[in-house]
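Got the structure open in your viewer? Let's take a walk through it, one selection at a time.

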Amino acid sequence: MAERLDPRQITRPDRSLMRYYAIISLLTGPAFPITIIPLFFKYETLKYRFDDEGVSMSWGILFKREIYLTYRRIQDIHLTRNILQRWMGLATVSIQTASGSSAPEMSIEGIREADALRDYLYAKMRGARGEQEESAAGMPAGPDGAAAQPVDEPLALLCEIRDALVQLAGRREAGG
């Protein structure tokens, strides 16, 4: 049985991320020294923190950058793995918000348990919004013993309007 992921234990990226950065930098050829230095400092300073309210990520020496996202703000979560990341067992979890930008708000790099982390974030995102998985078996039973249906006030109002229009049309046909 697989061990359940505890994101609070994830504070730094996996060591394989630095090897990944080195390979990517080597592929730049003569620009290797220019590309490896910022990636090395990013790896050395990259920190993650997961708490009950959200997730934070920080990195940088001269230009320190910190991002904090509450689970409530998360709109979508993407998991990406290029061929090199798959070979090394790594992935990037990209988190998007409704900020209007097409780029992810946060990209959690160097994670081995990416599928479990994505599932954890989805569960926290839904829980922060008060959403529940809606299934007939999981819904409380109504007075007649049948599963209760979720209340959707706009839908109920539209059904009332439809019924009133059908009634009105029936009266016109009968009287006219």
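Start by selecting His78 and Ser94: His78 stands opposite Ser94 in strand S5. This is a predicted model, in which local features need pLDDT of at least 70, side-chain atom pairs count only at pLDDT 80 or more, and totals for chains, interfaces and linings use all residues. Residues are numbered from 1 along each chain as its sequence is written, and side-chain values use heavy atoms, with hydrogens and water left out.

**Stop 1: around S5**

Now select residues 91-97, which make up S5. Strands here are DSSP runs of E with at least two residues, helices are runs of H or I with at least four, and both are numbered from the N terminus. Is S5 enclosed or open to the outside? Six of its seven residues are buried, so S5 is largely enclosed by the rest of the structure. (Buried means under 20% relative accessible area, exposed means over 50%, and partly exposed is in between, using a 1.4 Å probe and protein chains only.)

Add residues 74-80, strand S4: S4 and S5 run antiparallel and are joined by six bridges. Besides the pair you began with, look for Ile77, whose bridge partner in S5 is Ile95. Then bring in residues 106-111, strand S6, which runs antiparallel to S5 and is joined to S5 by four bridges. Here Val93 has Ile108 in S6 as its bridge partner.

With these strands on screen, you have an open sheet of three strands, ordered S4-S5-S6 with antiparallel pairing. (Two strands pair if DSSP finds at least two bridges between them.) S4 and S6 are the edge strands, each with a single partner, so one side of each has no neighbour in the sheet. From one strand to the next, the twist averages 15°. While you rotate the view, keep in mind that in a regular strand the side chains alternate between the two faces of the sheet.

**Stop 2: the other sheet**

Next, select residues 47-50 (S1) and 65-70 (S3), plus residues 54-59 (S2). These three strands form an open sheet in the order S1-S2-S3, with antiparallel pairing. S1 and S3 stand at the edges with a single partner strand each, so each has one side without a neighbour in the sheet. Neighbouring strands of this sheet are turned by 10° against each other on average, direction ignored.

Zoom in on S1 and S2, which pair in the antiparallel sense over four bridges. One spot to click is Lys47, whose bridge partner in S2 is Ser58.

**Stop 3: a pair of helices**

Hide the strands and show helix H1 (residues 16-26) with helix H2 (residues 32-45). How do they pack? Their angle is about 165° and their axes are 9 Å apart. (Axes are lines fitted to C-alpha atoms, for helices over the stretch in contact, and angles run from 0 to 180 degrees between N-to-C directions.) H1 and H2 are therefore roughly antiparallel, a label for angles over 145 degrees.

Show the side chains where the helices meet: Leu17, Met18, Tyr21, Ala22, Ser25 and Leu26 on H1, against Phe32, Thr35, Ile36, Leu39, Phe40, Lys42 and Tyr43 on H2. By class, this contact has 10 nonpolar, two polar and one charged residues. (Ala, Val, Leu, Ile, Met, Phe, Trp, Tyr, Cys and Pro count as nonpolar, Asp, Glu, Lys and Arg as charged, and the others, Gly among them, as polar.)

Click on Ser25, a residue of H1. Is Ser25 buried or exposed? Ser25 is buried, because its relative accessibility is 0%. Leaving out residues up to four places away in sequence, Ser25 touches Phe32, Thr35, Ile36 and Leu39. (Contact means heavy atoms within 4.5 Å.) Other buried residues of H1 include Leu17, Tyr20 and Tyr21. The buried residues of H1 pack against H2, helix H3 (83-88) and S6.

**Stop 4: before H1, then zoom out**

Select Arg4, in the segment before H1. Arg4 is exposed, at 78% relative accessible area. Now add Tyr120: 116 residues separate Arg4 and Tyr120 in sequence, and they are 10.0 Å apart in space, C-alpha to C-alpha.

Finally, show everything. The protein chain has five helices and six strands, following the pattern α-α-β-β-β-β-α-β-β-α-α along the sequence. Of its 176 residues, 28% count as buried.

Note on methods:
Parallel < 35°, antiparallel > 145°, perpendicular 65-115°, else oblique.
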